[in-house]
Amino acid sequence: MPELPEVETIRRQLAPLVEGRVVARLEISDPRWCLPLAPEAIVDAVQGRRVARLARRGKYLVWELEDDAFLLMHLRMTGTLLYDPPPGTPYERVRWELDDGHELRFCDPRRFGTGELALGTPARDAFFAARLGLEPLDGELTGEALARMARGRRAPVKAFLLDQRRIAGVGNIYADEALFRARIHPLRPAGRLTRTQWDVLAVAVRDTLTAGLVAGGATIDDFRHADGVRGSFQDEFLVHLRRGEPCPRCGTAVVKFVAAGRGTYACERCQPRPRARRVRRPSS
Ligand SMILES: [Zn+2]
(Lines give C-alpha, C1' and ligand atoms only; values in the text may rest on other atoms or scores of the structure.)
Protein backbone atom coordinates (compact mmCIF):
# COMPACT_ATOMS: atom_id res chain seq x y z
CA MET A 1 0.00 0.00 0.00
CA PRO A 2 1.30 3.47 -0.74
CA GLU A 3 2.49 5.05 2.51
CA LEU A 4 3.59 8.60 3.21
CA PRO A 5 6.72 8.57 0.99
CA GLU A 6 4.84 7.10 -1.97
CA VAL A 7 1.97 9.60 -1.75
CA GLU A 8 4.38 12.48 -1.23
CA THR A 9 6.41 11.35 -4.26
CA ILE A 10 3.29 11.53 -6.42
CA ARG A 11 2.33 14.89 -4.92
CA ARG A 12 5.74 16.40 -5.66
CA GLN A 13 5.62 15.19 -9.25
CA LEU A 14 2.09 16.34 -9.93
CA ALA A 15 1.95 19.63 -8.03
CA PRO A 16 3.80 21.69 -10.66
CA LEU A 17 1.70 20.07 -13.40
CA VAL A 18 -1.73 20.67 -11.89
CA GLU A 19 -1.45 23.75 -9.67
CA GLY A 20 -2.98 26.75 -11.41
CA ARG A 21 -4.79 24.57 -13.93
CA VAL A 22 -8.57 24.27 -14.22
CA VAL A 23 -10.14 20.80 -14.09
CA ALA A 24 -12.02 21.15 -17.37
CA ARG A 25 -13.69 17.79 -17.03
CA LEU A 26 -13.90 15.07 -14.38
CA GLU A 27 -15.19 11.66 -15.35
CA ILE A 28 -15.88 9.06 -12.68
CA SER A 29 -16.37 5.73 -14.41
CA ASP A 30 -16.55 3.72 -11.19
CA PRO A 31 -19.18 5.14 -8.81
CA ARG A 32 -17.86 2.97 -5.99
CA TRP A 33 -14.84 5.32 -5.79
CA CYS A 34 -16.81 8.12 -4.12
CA LEU A 35 -19.46 6.22 -2.15
CA PRO A 36 -21.59 7.28 -0.33
CA LEU A 37 -21.59 10.37 -2.55
CA ALA A 38 -22.96 10.17 -6.06
CA PRO A 39 -20.38 10.85 -8.79
CA GLU A 40 -22.38 13.95 -9.83
CA ALA A 41 -21.78 15.53 -6.40
CA ILE A 42 -18.01 15.25 -6.85
CA VAL A 43 -18.14 16.35 -10.47
CA ASP A 44 -20.20 19.43 -9.52
CA ALA A 45 -17.66 20.42 -6.88
CA VAL A 46 -14.52 19.78 -8.92
CA GLN A 47 -15.29 20.41 -12.57
CA GLY A 48 -14.59 23.96 -13.74
CA ARG A 49 -12.57 24.82 -10.63
CA ARG A 50 -8.94 25.88 -10.58
CA VAL A 51 -6.44 23.81 -8.56
CA ALA A 52 -4.94 26.12 -5.96
CA ARG A 53 -2.64 23.53 -4.45
CA LEU A 54 -2.00 19.81 -4.40
CA ALA A 55 -1.31 18.92 -0.78
CA ARG A 56 -0.92 15.81 1.35
CA ARG A 57 -2.00 14.83 4.84
CA GLY A 58 -0.91 11.38 6.05
CA LYS A 59 -1.61 9.03 3.15
CA TYR A 60 -4.26 11.34 1.67
CA LEU A 61 -3.65 13.36 -1.45
CA VAL A 62 -5.58 16.63 -1.13
CA TRP A 63 -6.73 18.65 -4.13
CA GLU A 64 -7.26 22.17 -2.83
CA LEU A 65 -9.58 23.83 -5.32
CA GLU A 66 -10.66 27.45 -5.53
CA ASP A 67 -13.62 28.44 -3.32
CA ASP A 68 -12.29 26.12 -0.58
CA ALA A 69 -13.47 22.87 -2.12
CA PHE A 70 -11.28 19.89 -1.26
CA LEU A 71 -11.08 16.55 -3.03
CA LEU A 72 -9.54 14.03 -0.64
CA MET A 73 -8.04 10.97 -2.35
CA HIS A 74 -6.78 7.81 -0.71
CA LEU A 75 -4.92 5.40 -3.00
CA ARG A 76 -5.35 2.41 -0.65
CA MET A 77 -3.83 -0.90 -1.82
CA THR A 78 -3.24 -0.57 -5.52
CA GLY A 79 -4.20 2.93 -6.66
CA THR A 80 -1.95 4.93 -8.96
CA LEU A 81 -2.50 8.42 -10.30
CA LEU A 82 -0.98 8.64 -13.77
CA TYR A 83 -0.26 11.75 -15.84
CA ASP A 84 -0.90 11.31 -19.58
CA PRO A 85 -0.66 7.50 -19.46
CA PRO A 86 -0.61 5.51 -22.71
CA PRO A 87 -4.04 4.82 -24.21
CA GLY A 88 -5.60 1.61 -22.98
CA THR A 89 -3.98 1.76 -19.54
CA PRO A 90 -6.16 -0.70 -17.59
CA TYR A 91 -8.20 -0.39 -14.39
CA GLU A 92 -9.15 3.25 -14.90
CA ARG A 93 -11.71 4.54 -12.37
CA VAL A 94 -11.46 8.33 -12.63
CA ARG A 95 -10.19 10.73 -15.29
CA TRP A 96 -9.30 14.41 -15.03
CA GLU A 97 -8.97 16.58 -18.12
CA LEU A 98 -7.04 19.77 -17.47
CA ASP A 99 -7.51 23.04 -19.33
CA ASP A 100 -4.02 22.69 -20.88
CA GLY A 101 -5.02 19.48 -22.67
CA HIS A 102 -3.20 17.09 -20.33
CA GLU A 103 -5.01 14.45 -18.35
CA LEU A 104 -4.72 12.34 -15.24
CA ARG A 105 -6.14 8.92 -14.65
CA PHE A 106 -6.66 7.09 -11.41
CA CYS A 107 -6.05 3.39 -12.09
CA ASP A 108 -6.75 0.92 -9.33
CA PRO A 109 -6.95 -2.85 -10.02
CA ARG A 110 -8.37 -3.79 -6.62
CA ARG A 111 -10.71 -0.75 -6.41
CA PHE A 112 -10.14 0.07 -2.75
CA GLY A 113 -9.06 3.67 -3.46
CA THR A 114 -11.51 6.38 -2.41
CA GLY A 115 -12.44 9.95 -3.29
CA GLU A 116 -14.19 12.16 -0.73
CA LEU A 117 -15.26 15.75 -0.66
CA ALA A 118 -14.91 18.50 1.94
CA LEU A 119 -16.55 21.84 1.29
CA GLY A 120 -14.87 24.59 3.28
CA THR A 121 -11.72 24.55 5.39
CA PRO A 122 -13.56 23.61 8.63
CA ALA A 123 -15.01 20.53 6.93
CA ARG A 124 -11.55 19.51 5.73
CA ASP A 125 -10.02 20.06 9.15
CA ALA A 126 -12.78 18.07 10.85
CA PHE A 127 -12.33 15.23 8.36
CA PHE A 128 -8.64 14.91 9.17
CA ALA A 129 -8.98 15.58 12.90
CA ALA A 130 -11.25 12.53 13.15
CA ARG A 131 -8.81 10.29 11.27
CA LEU A 132 -5.21 11.43 11.51
CA GLY A 133 -2.66 12.19 14.20
CA LEU A 134 0.84 13.68 14.02
CA GLU A 135 2.29 14.55 10.64
CA PRO A 136 5.71 12.90 10.97
CA LEU A 137 7.79 15.19 8.76
CA ASP A 138 6.37 18.45 10.12
CA GLY A 139 8.45 18.51 13.30
CA GLU A 140 5.55 17.24 15.41
CA LEU A 141 6.94 13.75 15.82
CA THR A 142 9.11 13.80 18.95
CA GLY A 143 9.97 11.18 21.54
CA GLU A 144 8.10 13.24 24.08
CA ALA A 145 4.90 13.32 22.00
CA LEU A 146 5.07 9.57 21.34
CA ALA A 147 5.76 8.70 24.97
CA ARG A 148 2.79 10.79 26.05
CA MET A 149 0.43 9.11 23.58
CA ALA A 150 1.66 5.62 24.46
CA ARG A 151 1.38 5.91 28.23
CA GLY A 152 -0.45 2.88 29.61
CA ARG A 153 -0.91 1.29 26.14
CA ARG A 154 -0.45 -2.45 26.10
CA ALA A 155 -0.77 -2.88 22.34
CA PRO A 156 2.47 -3.80 20.52
CA VAL A 157 4.54 -0.81 19.43
CA LYS A 158 4.07 -1.88 15.81
CA ALA A 159 0.28 -1.50 16.15
CA PHE A 160 0.88 1.88 17.75
CA LEU A 161 2.97 3.03 14.77
CA LEU A 162 0.35 1.81 12.28
CA ASP A 163 -2.53 3.63 14.00
CA GLN A 164 -3.17 6.60 11.70
CA ARG A 165 -4.95 8.47 14.50
CA ARG A 166 -1.61 8.69 16.33
CA ILE A 167 0.94 9.05 13.53
CA ALA A 168 -0.30 9.74 10.02
CA GLY A 169 1.32 8.08 7.04
CA VAL A 170 3.30 5.16 8.50
CA GLY A 171 2.35 1.72 7.16
CA ASN A 172 3.74 -1.78 7.29
CA ILE A 173 7.01 -1.19 5.41
CA TYR A 174 8.13 1.93 7.22
CA ALA A 175 7.07 0.60 10.66
CA ASP A 176 9.28 -2.52 10.25
CA GLU A 177 12.21 -0.49 8.98
CA ALA A 178 11.95 2.17 11.70
CA LEU A 179 11.70 -0.41 14.50
CA PHE A 180 14.79 -2.18 13.16
CA ARG A 181 16.73 1.09 13.04
CA ALA A 182 15.65 1.83 16.61
CA ARG A 183 16.48 -1.74 17.76
CA ILE A 184 13.00 -2.21 19.22
CA HIS A 185 11.03 -5.46 18.87
CA PRO A 186 7.69 -4.90 17.08
CA LEU A 187 5.81 -6.87 19.76
CA ARG A 188 7.07 -4.80 22.68
CA PRO A 189 4.07 -3.20 24.42
CA ALA A 190 4.01 0.49 23.50
CA GLY A 191 3.52 1.62 27.08
CA ARG A 192 6.68 -0.19 28.18
CA LEU A 193 9.17 1.64 25.97
CA THR A 194 11.59 3.91 27.79
CA ARG A 195 11.72 7.61 27.05
CA THR A 196 15.12 7.08 25.41
CA GLN A 197 13.63 4.41 23.14
CA TRP A 198 10.88 6.81 22.09
CA ASP A 199 13.47 9.47 21.26
CA VAL A 200 15.40 6.97 19.15
CA LEU A 201 12.22 5.70 17.50
CA ALA A 202 11.00 9.20 16.62
CA VAL A 203 14.27 9.83 14.79
CA ALA A 204 14.13 6.39 13.17
CA VAL A 205 10.60 6.97 11.83
CA ARG A 206 11.58 10.33 10.36
CA ASP A 207 14.83 8.96 8.89
CA THR A 208 13.06 5.95 7.38
CA LEU A 209 10.33 8.06 5.77
CA THR A 210 12.92 10.50 4.47
CA ALA A 211 15.00 7.68 2.98
CA GLY A 212 11.85 6.35 1.32
CA LEU A 213 11.10 9.75 -0.10
CA VAL A 214 14.63 10.17 -1.46
CA ALA A 215 14.25 6.78 -3.22
CA GLY A 216 10.93 7.83 -4.77
CA GLY A 217 8.98 5.42 -2.56
CA ALA A 218 8.85 1.63 -2.63
CA THR A 219 7.31 -0.42 -5.43
CA ILE A 220 6.50 -3.93 -4.27
CA ASP A 221 3.76 -4.54 -6.79
CA ASP A 222 1.48 -1.77 -8.02
CA PHE A 223 2.86 1.57 -6.89
CA ARG A 224 4.02 3.76 -9.77
CA HIS A 225 5.07 7.37 -10.03
CA ALA A 226 2.79 9.71 -11.96
CA ASP A 227 4.89 8.98 -15.06
CA GLY A 228 4.65 5.20 -14.58
CA VAL A 229 8.18 4.79 -13.16
CA ARG A 230 8.71 2.51 -10.16
CA GLY A 231 10.10 3.63 -6.80
CA SER A 232 13.35 2.05 -5.62
CA PHE A 233 13.15 2.00 -1.82
CA GLN A 234 12.39 -1.75 -1.92
CA ASP A 235 16.07 -2.22 -2.90
CA GLU A 236 17.11 -0.57 0.38
CA PHE A 237 14.90 -2.49 2.82
CA LEU A 238 16.97 -3.53 5.83
CA VAL A 239 14.57 -6.20 7.12
CA HIS A 240 11.16 -5.84 5.43
CA LEU A 241 10.57 -8.80 3.04
CA ARG A 242 14.04 -10.13 3.92
CA ARG A 243 13.11 -13.28 5.81
CA GLY A 244 16.10 -15.62 6.12
CA GLU A 245 18.57 -13.06 4.85
CA PRO A 246 21.38 -11.86 7.12
CA CYS A 247 20.67 -8.82 9.28
CA PRO A 248 22.72 -5.94 7.83
CA ARG A 249 23.94 -5.10 11.32
CA CYS A 250 24.79 -8.45 12.95
CA GLY A 251 24.33 -11.16 10.31
CA THR A 252 21.62 -13.07 12.17
CA ALA A 253 18.83 -14.32 9.89
CA VAL A 254 15.85 -11.97 9.65
CA VAL A 255 12.64 -13.59 10.89
CA LYS A 256 9.01 -13.06 9.90
CA PHE A 257 6.05 -13.24 12.25
CA VAL A 258 2.67 -11.58 12.68
CA ALA A 259 2.36 -8.35 14.65
CA ALA A 260 -0.64 -6.05 14.59
CA GLY A 261 -2.19 -8.51 12.14
CA ARG A 262 0.51 -7.82 9.55
CA GLY A 263 3.47 -9.79 8.22
CA THR A 264 6.36 -8.34 10.21
CA TYR A 265 10.12 -8.63 9.79
CA ALA A 266 12.81 -8.18 12.43
CA CYS A 267 16.24 -9.27 13.60
CA GLU A 268 15.59 -10.79 17.01
CA ARG A 269 19.20 -10.37 18.04
CA CYS A 270 19.24 -6.60 17.39
CA GLN A 271 15.59 -6.28 18.48
CA PRO A 272 15.24 -8.59 21.49
CA ARG A 273 11.80 -10.09 21.99
CA PRO A 274 10.02 -8.76 25.06
CA ARG A 275 10.34 -11.20 27.92
CA ALA A 276 7.19 -13.04 28.87
CA ARG A 277 5.82 -12.08 32.25
CA ARG A 278 7.87 -13.75 34.91
CA VAL A 279 6.26 -16.88 36.27
CA ARG A 280 7.19 -17.87 39.77
CA ARG A 281 8.92 -21.24 39.64
CA PRO A 282 8.62 -23.69 42.46
CA SER A 283 11.92 -23.99 44.33
CA SER A 284 13.27 -27.47 44.10
ZN1 LIG B 1 20.77 -7.99 13.78
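Four donor atoms around a metal count as tetrahedral if all the angles between them lie between 85 and 135 degrees. Keep that rule in mind for the first stop of this tour, and remember along the way that you are looking at a predicted model.

**Stop 1: the zinc ion**

Select the zinc ion together with Cys 247, Cys 250, Cys 267 and Cys 270. The SG atoms of these four residues are the protein donors, and they lie 2.2 to 2.4 Å from the zinc ion. What arrangement do the four donor atoms make around the zinc ion? Their angles are 100 to 115°, so the arrangement is tetrahedral.

Now look at where the donors sit along the chain: they follow the spacing C-x2-C-x16-C-x2-C. Cys 250 belongs to the loop between α7 (195-214) and β9 (255-259), while Cys 270 belongs to the segment after β10 (262-266), so this pair ties together parts that are 20 residues apart in sequence.

Is Cys 270 buried or exposed? Cys 270 has a relative accessible area of 9%, and because buried means under 20%, it is buried. Cys 250, at 28% relative accessibility, counts as partly exposed.

**Stop 2: Gln 234**

Stay in the loop between α7 and β9, and select Gln 234, which has its place there. Gln 234 has a relative accessible area of 16%, so it is buried. Which residues is Gln 234 in contact with, leaving aside its neighbours within four places in sequence? They are Gly 217, Ala 218, Thr 219 and Arg 242.

**Stop 3: a sheet of four strands**

Next, select β1, β6, β7 and β5. These four strands form an open sheet in the order β1-β6-β7-β5, with antiparallel pairing. The edge strands are β1 (23-28) and β5 (80-83), each of which pairs on one side only. From one strand to the next, the twist averages 15°.

Walk across the sheet, starting at β1. Five bridges pair β1 with β6 (residues 92-98) in the antiparallel sense. To find a spot where two strands face each other, pick Arg 25, which stands opposite Glu 97 in β6.

Move on to β6 and β7. They also pair in the antiparallel sense, over five bridges, and here you can pick Val 94, which stands opposite Phe 106 in β7. These two strands form a hairpin with four residues between them. Click on Gly 101 in the turn: its phi is positive, about 90°.

At the other edge, β5 and β7 run antiparallel and are joined by four bridges. Leu 82 stands opposite Arg 105 in β7.

Show the side chains of β7 before you leave. In a regular strand, side chains alternate between the two faces of the sheet. Which residues of β7 point one way, and which the other way? Glu 103, Arg 105 and Cys 107 point one way, Leu 104 and Phe 106 point the other way, and all are buried.

**Stop 4: a second sheet**

Select β2, β3, β4 and β8. These four strands form an open sheet in the order β2-β3-β4-β8, and the pairing is antiparallel. At the edges stand β2 (51-57) and β8, each with a single partner strand, so one side of each is left without a neighbour in the sheet. Neighbouring strands are turned by 20° against each other on average, direction ignored.

Zoom in on β4 and β8, which run antiparallel and are joined by six bridges. Here, Phe 70 stands opposite Ala 118 in β8. Add α1 to the selection: α1 lies across β2 and β3 and runs at about 170° to β2. Now add α2, which packs on the sheet and touches β3, β4 and β8; its direction makes about 55° with that of β8.

**Stop 5: the two sides of α2**

Keep α2 (residues 39-46) on screen and show its side chains. Pro 39, Ile 42, Val 43, Ala 45 and Val 46 are buried. They cover an arc of only 165° around the axis, which puts them on the same side of α2. Turn the helix to its other side, and you will find Glu 40 and Asp 44, which are exposed.

What do the buried residues of α2 pack against? They pack against β1, β3 (60-65), β4 (69-74) and β8 (114-119). For a last click, select Gly 48, which follows α2 and has a positive phi, near 85°.

Notes: Residues numbered from 1 in each chain as written. Predicted model: local features only at pLDDT ≥ 70, side-chain atom pairs only at ≥ 80, totals over all residues. Heavy atoms only, no water. Donors = N, O, S within 2.8 Å, 3.2 Å for Na, K, Ca; no water. Tetrahedral: all angles 85-135°; square planar, octahedral: opposite > 155°, others 65-115°. Buried < 20%, exposed > 50% of the residue type's maximum accessible area, 1.4 Å probe, protein only. Pairing = 2+ DSSP bridges. Axes fitted to C-alpha atoms, helices over the stretch in contact; angles between N-to-C directions. Contact = heavy atoms within 4.5 Å. Arc of directions from axis to C-beta.
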